[in-house]
Structure formats: structure tokens, C-alpha cells
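Please open the structure in your viewer and keep the selection panel at hand. The tour goes from one selection to the next, with a short account of what is there at each stop.

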Amino acid sequence: MYDFKIEAADAATMYRDLASAVEGMVAGEPDTVANMANAAAVIWETLPDINWVGFYRNVDGELVLGPFQGRPACIRIPFGTGVCGVAAATRQVQRVNDVHAFPSHIACDSASASEIVVPIVRDGELIAVLDIDSPRKARFTEEDEAGCVRLAEILAKAI
Ligand code: SME
């Protein structure tokens with residue numbers, strides 16, 4: 001049984017502890033669904049002010065919903081559409097302060113106000129994206145981006 005309760009004084013420490021927790025959870029476990037599920041759960045438990053966290057997987061060139069925490073979400077997203085699809089197509093982190101100002105944003109939960117999507121790439125191949133939503137505008141800072149990029153690096157070897 002895992003009992004992670006990460007209560008760090010600052011964001012950098014919190015992300016360092018979160019990275020260690022995710023590394024520990026996926027260590028030696030080859031099942032990708034289990035690893036994505038536990039990663040989504042520990043991120044959900046740790047990050048304040050979020051209303052959705054999860055994965056969209058690259059299934060034959062289309063993003064398909066993977067393990068997540070939060071409200072049920074749209075299942076399939078074409079590359080290039082929405083924050084997730086743009087992250088997948090460009091392989092660039094999308095950090096969106098106001099999702100309503102993002103032209104093709106897909107509203108799965110009307111409570112979402114800002115979002116970060118991080119591509120997960122292994123051996124030059126896009127495996128999935130990590131998507132996190134917040135009900136607070138401009139929730140995600142550069143520090144969050146650096147922390148989530150680190151999580152994506154760890155997960156690239158585990159999913
Ligand atoms: N908002 C995303 C869709 C996925 S949900 O946030 C869970 C997007 O625009 O790609």
C-alpha cells in the first residue's frame with residue numbers, strides 16, 4: 001500500500017518529492033496502465049487547485065483517453081486539435097493561462113480555466129501526453145512546467 005502525503009514548503013521541493021514518489025511507484029513494474037493510473041493518482045493527491053489529471057495515449061496517430069482522476073472526459077482527440085492535440089502535434093509543452101482564449105480548446109469540464117499538457121516522448125516517438133486542468137486561471141507556472149516535464153521524463157520509460 002502506498003501512503004504518500006507530500007506536503008512541501010515550496011513548489012520545487014514538492015515536485016522533487018512527487019518525482020521520487022512516481023519513480024518509486026513505477027520501478028520494476030512493466031504494466032503501463034497500472035503506472036499511468038498510479039501516476040495520475042499521486043499527482044491528483046499532491047497538486048493543489050486541480051480538477052483533472054490524466055493521460056491521452058497515442059493510439060495509431062490519435063489521442064485516446066487513458067487513466068485519469070477527475071470527471072469523465074472526452075475519449076478521442078485528433079492531433080492538432082485542442083490543447084492536448086496541439087501538444088501532441090508539436091511535441092511542445094502547452095501551458096495555457098486561459099483555456100477559453102485557446103482557439104480549439106475542448107471543454108471536458110466547464111470548471112477548467114487553465115491547463116498544462118506535456119508530451120511524453122520515448123526514442124523519438126510520442127507515447128502519450130500528460131494533461132492537468134485547473135479551475136483557477138493561470139494556475140500553472142514555469143516551476144510547474146519544469147516539474148511536469150521531469151515527471152514526463154520518468155514516465156516515458158514506464159508507460
Ligand atoms: N481540454 C483538453 C481536453 C481534455 S480535458 O481537459 C480532460 C484539450 O483542449 O485538449
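Select strand S3, residues 76-78, together with strand S2: in this predicted model, the two strands run antiparallel and are joined by 3 bridges. To see one pairing in detail, pick Glu62, whose bridge partner in S3 is Pro78. Then follow the chain from S2 to S3, and you will pass along a hairpin that connects the two strands through 5 residues.

Keep S2, which spans residues 62-70, and add S1 to the selection, for these two strands also run antiparallel, with 7 bridges between them. Two pairings can be picked out here: Val53 has Gln69 in S2 as its bridge partner, while Gly54 stands opposite Phe68, again in S2. The hairpin of S1 and S2 has 2 residues between the strands, and if you select Asp60 in that hairpin, you will find a residue with a positive phi near 50°.

Now hide S2 and S3, keep S1, and bring in S6. S1 and S6 pair in the antiparallel sense, and 6 bridges link them. At Tyr56, the bridge partner to look for in S6 is Val129. While you look along these strands, it may help to recall that side chains in a regular strand alternate between the two faces of the sheet.

From the strands, move on to the ligand and show the 13 residues around it, of which Val83, Cys84, Ile106, Glu115 and Asp133 come nearest. Where do the polar atoms of the ligand find polar atoms of Val83, Ile106 and Glu115? Start with Val83, where a polar backbone atom is 3.0 Å from an oxygen atom of the ligand. Go next to Ile106, which places a polar backbone atom 2.8 Å from a nitrogen atom of the ligand. At Glu115, by contrast with these backbone atoms, a polar side-chain atom lies 3.0 Å from a nitrogen atom of the ligand.

On its own the ligand has 310 Å² of accessible area, and the protein covers 99% of that area. The space that the ligand takes is the largest cavity. To see which elements surround the ligand, colour strand S1 (52-59), helix H3 (82-90) and strand S6 (125-134), the elements that each give two or more residues to the shell. Helix H3 provides the largest share of this shell, with 3 residues.

As a last step, colour the shell around the ligand by residue class, which will show 8 nonpolar, 2 polar and 3 charged residues.

Terms used
Residues are numbered from 1 along each chain as its sequence is written. This is a predicted model: local features need pLDDT of at least 70, side-chain atom pairs count only at pLDDT 80 or more; totals for chains, interfaces and linings use all residues. Side-chain values use heavy atoms; hydrogens and water are left out. A residue is near a molecule or strand if one of its heavy atoms lies within 4 Å of it. A polar contact is a pair of N or O atoms within 3.5 Å; within protein, one must be able to donate a hydrogen and the other to accept it, and residues adjacent in sequence count only if both atoms are side-chain atoms. Accessible areas come from the Shrake-Rupley method with a 1.4 Å probe; for residues, only the protein chains shown count as cover. On a 1 Å grid over the protein atoms alone, a cavity is a set of points where a 1.4 Å probe fits but cannot get out, and a pocket is an open set with protein on both sides within 12 Å along at least five of seven lines; lining residues have an atom within 4 Å of a point. A molecule sits in a cavity or pocket if more than half of its atoms lie within 2 Å of its grid points. Helices (H or I, at least four residues) and strands (E, at least two) are DSSP runs, numbered from the N terminus. Ala, Val, Leu, Ile, Met, Phe, Trp, Tyr, Cys and Pro count as nonpolar, Asp, Glu, Lys and Arg as charged, and the others, Gly among them, as polar. Two strands pair if DSSP finds at least two bridges between them.
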